Amino acid sequence: MPSQRGGRVFTNGHAAGILGTGSYLPDRVVSNAEVAEKVGVTPEWIERKTQIRERRYAAPHEATSDLAVCAAKLALDQAGISVDRVDYIIVSTSTPDSPQPPTAALVQNMLGAPHAGCFDINVVCSGFPYGVGLAAALQSLNPGAYVLVIGADLYSRILNVADRATSVLLGDGAGAAVVGPVPLSYGVVSCGLHTRGDAHEYIRVDAGGSRIPTSHETVDTGGHNFTMQGRNVTSFVLDEVPPALAGLLRNAGIEADQVTHFVPHQPNGNLLDNLVTKAGLDHVTTHRTLQRYGNVGSASVPVTLDVANQAGAFADGDLLLLAGFGGGMSIGSCLLRWWSA
């Protein structure tokens, strides 16, 4: 029977850990010069304010599921797990292919994994840590299961290209990980899932749901575009995320100086600098991909994780702290000990 000690989930002699990672970024590179022209600033202004130099936009024929499948195949290949062995597929996205069916069902079909249970989650940029936590919980119910956790977003489809607060930040991409059984001394140590619903207005797409259905008016007035209250989001991140991470480490019985790697959401380089300092993680190796890819929403954490993994950054036994924060407002964090097979 599964049991839990010190925040760690055990399943018949194994823990839940990451076996492989993958990521996919579209081919089209969008420079600061291209974005700056549309919002009335200079490329230098964008880089100074955000540390972002470029981002990627999907091709017209690509949807969220297409990017997700590409990332998933790479993660499965690295893990050495055939698609027929996948028990669950979790897709985190706030830009689904369509309101129905779930994007995870489309991914399942495209991958050829007909026996996998599939579902989407939408906590925006917190989604990948949420997904890893859910994968560990699923393993406690089904010991030995393999769970494909994917974060994918196509923000280029819901941007107001003239909105300086959002269009300079956001891009498209997908990242994935295979979560499966690892030895007890490795894997997921603890996960923290937090929501501040009273701050839900900070990040929004107002139209297209049951409260404000799609109409000619909502299209004409930009009601389907992504909007963000930048200053409120910054205050939320700096006020709420550091104590959430401190609580996660405390509950796991881990001191901050034991953490080896910090893999955070990639919202804005200057905000990330301030967060690292305020969270007391200056000594930790913080991994960044925002310079090349910008903010890719749910994909930020898994893309950054994969880039670091592919570069050989993680050694056997390293402690990784994953953290996402975004709409809701939500915070997802996950502490895991890296296993190198």
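**Figure 1. Surroundings of V237 in the predicted model.** Leaving aside neighbours within four places in sequence, the residues in contact with V237 are P242, L271, L275 and F325. The structure shown here and in the other views is a predicted model.

**Figure 2. The largest nonpolar core.** This core has 47 residues, and V237 is among those with the most contacts inside it, together with F262, L275, L321 and L335. The elements that each supply at least two residues of the core are α1 (32-39), α8, α9, β15 and β16 (330-337). Of these, α8 gives the largest share, with 10 residues. In soluble globular proteins, nonpolar side chains tend to be buried together.

**Figure 3. A second nonpolar core.** Separate from the largest core is a second one of 31 residues. Among its members are A75, I81, L148 and I150.

**Figure 4. The largest pocket.** The space in this pocket amounts to about 970 Å³. Its lining is made up of 31 residues, and those that lie nearest the centre of the pocket are S94, P96, N122, V205 and A207. By residue type, the lining of the largest pocket divides into 12 nonpolar, 13 polar and six charged residues. Rolling a probe the size of a water molecule over the atoms shows where empty space is left.

**Figure 5. The second largest pocket.** A volume of about 560 Å³ is found for the second largest pocket. It is lined by 28 residues, with A165, L169, M228, G230 and N268 lying nearest its centre. At least two lining residues come from each of α2 (43-50), α6 (164-167), α8 (230-252), α9 (269-278) and β15 (319-326). The helix α8 supplies the largest share of this lining, five residues; α8 likewise supplies the largest share of the largest nonpolar core. In the lining of the second largest pocket, 17 residues are nonpolar, eight are polar and three are charged.

**Figure 6. Cysteines C125 and C334.** The count of disulfides in the model is zero. Why is C125 in no disulfide? The closest cysteine sulfur to that of C125 belongs to C334 and is 17 Å away, which is too far for a bond. C125 is buried, with a relative accessible area of 7%. C334 is also in no disulfide, and the nearest cysteine sulfur to its own, that of C191, is 3.2 Å away. A disulfide requires the two sulfur atoms to be within 2.5 Å, so this pair does not count as one. C334 is buried as well, at 0% relative accessibility.

Technical notes:
Residues numbered from 1 in each chain as written. Predicted model: local features only at pLDDT ≥ 70, side-chain atom pairs only at ≥ 80, totals over all residues. Heavy atoms only, no water. 1 Å grid on protein atoms, 1.4 Å probe; cavity = no way out; pocket = protein on both sides within 12 Å on 5 of 7 lines; lining within 4 Å. Points joined across faces, edges and corners; volume = space filled by probe spheres on them. Nonpolar A, V, L, I, M, F, W, Y, C, P; charged D, E, K, R; others polar. Helix = DSSP H or I, 4+ residues; strand = E, 2+ residues; numbered from the N terminus. Buried < 20%, exposed > 50% of the residue type's maximum accessible area, 1.4 Å probe, protein only. Core = buried A, V, L, I, M, F, W, Y, C linked by side-chain atoms within 4.5 Å. Contact = heavy atoms within 4.5 Å.
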